Amino acid sequence: MAVADACAGDLLLCASGPGQLHLAIDSGSGVIHADAMLRRVVERPGPIPWPVIGRWRMIGEA
């Protein structure tokens with residue numbers, strides 16, 4: 001479900017460059033993403049470094 005409020009665990013679609021999209025996960029204290037330079041998945045602390053153009057949250061059953 002698309003959401004406007006930020007929550008740890010949200011899936012983010014970011015504009016990482018001109019014509020480039022990047023998927024990431026909001027960790028609550030940063031972002032988890034596949035880093036092309038490091039060639040691995042990392043957590044980057046701090047504010048999300050790219051414009052967020054979409055945010056989705058998985059809603060589970062209680």
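Student: How far apart are the closest N and O atoms in the salt bridge that Asp26 forms with Arg55?

Tutor: This is a predicted model, in which local features need pLDDT of at least 70 and side-chain atom pairs count only at pLDDT 80 or more, while totals for chains, interfaces and linings use all residues. Residues are numbered from 1 along each chain as its sequence is written, and side-chain values use heavy atoms, with hydrogens and water left out. A salt bridge here is a side-chain nitrogen of Lys or Arg within 4 Å of a carboxyl oxygen of Asp or Glu. For Asp26 and Arg55, the closest N and O atoms are separated by 3.1 Å.

Student: How many residues apart in sequence are the parts that Asp26 and Arg55 tie together?

Tutor: Strands are DSSP runs (E, at least two residues), numbered from the N terminus. Asp26 is in strand 2 and Arg55 in strand 5, so the parts tied together by this pair have a sequence separation of 29 residues.

Student: Are Asp26 and Arg55 buried or exposed?

Tutor: Buried means under 20% relative accessible area, exposed over 50%, and partly exposed in between (1.4 Å probe, protein chains only). By that scheme, Asp26 and Arg55 are both buried.

Student: Which residues are joined into one network by salt bridges that share partners?

Tutor: The structure holds four salt bridges. One of them pairs Asp26 with Arg55. Through shared partners, the salt bridges form one network of Asp5, Asp10, Asp26, Arg55 and Arg57.

Student: How far apart in sequence are the parts tied together by Asp10 and Arg55?

Tutor: Asp10 and Arg55 form a salt bridge whose closest N and O atoms are 2.9 Å apart. Asp10 lies in the segment before strand 1 and Arg55 in strand 5, so this salt bridge ties together parts with a sequence separation of 45 residues.

Student: With the side chain of which residue does Asp10 make a polar contact of 2.7 Å?

Tutor: A polar contact is a pair of N or O atoms within 3.5 Å; within protein, one must be able to donate a hydrogen and the other to accept it, and residues adjacent in sequence count only if both atoms are side-chain atoms. Asp10 counts as buried because its relative accessibility is 0%. Its side chain makes one polar contact with the side chain of Arg55, at 2.9 Å. The contact at 2.7 Å is with the side chain of Arg57.

Student: How many residues separate Arg57 and Asp5?

Tutor: Arg57 forms a salt bridge with Asp5, with 3.6 Å between the closest N and O atoms. The pair links distant parts of the chain, Arg57 being in the segment after strand 5 and Asp5 in the segment before strand 1, at a separation of 52 residues.

Student: Why does Asp5 count as partly exposed?

Tutor: Its partner Arg57 counts as buried because its relative accessibility is 19%. Asp5 counts as partly exposed because its relative accessibility is 45%.

Student: Which strands are the edge strands of the sheet?

Tutor: Two strands pair if DSSP finds at least two bridges between them. Five strands form an open sheet in the order 4-3-2-1-5, with antiparallel pairing. The strands that pair on one side only are strand 4 and strand 5 (52-56).

Student: Which residue in strand 5 stands opposite Cys14?

Tutor: Strand 1 (residues 11-17) and strand 5 are antiparallel and pair over four bridges. In strand 5, the residue opposite Cys14 is Val52.

Student: Which residue in strand 4 is the bridge partner of Val31?

Tutor: Strand 3 (residues 30-35) pairs with strand 4 (residues 40-45) in the antiparallel sense over six bridges. The strand 4 partner of Val31 is Arg44.

Student: Which residue in the turn of the hairpin formed by strand 3 and strand 4 has a positive phi?

Tutor: The hairpin has four residues between its strands. The residue in question is exposed, because its relative accessibility is 76%. Phi is about 60 degrees in this turn residue, Arg39.

Student: What is the accessible area of Leu11, Leu23, Ile25 and Trp56 together?

Tutor: Patches are made of residues with over 30% relative accessible area and no salt bridge, with like charges joined within 9 Å and nonpolar side chains (Val, Leu, Ile, Met, Phe, Trp, Tyr) within 5 Å. Areas come from the Shrake-Rupley method with a 1.4 Å probe; for residues, only the protein chains shown count as cover. Leu23, in strand 2 (residues 20-26), counts as exposed because its relative accessibility is 54%. The four residues form a nonpolar surface patch with a joint accessible area of about 350 Å².
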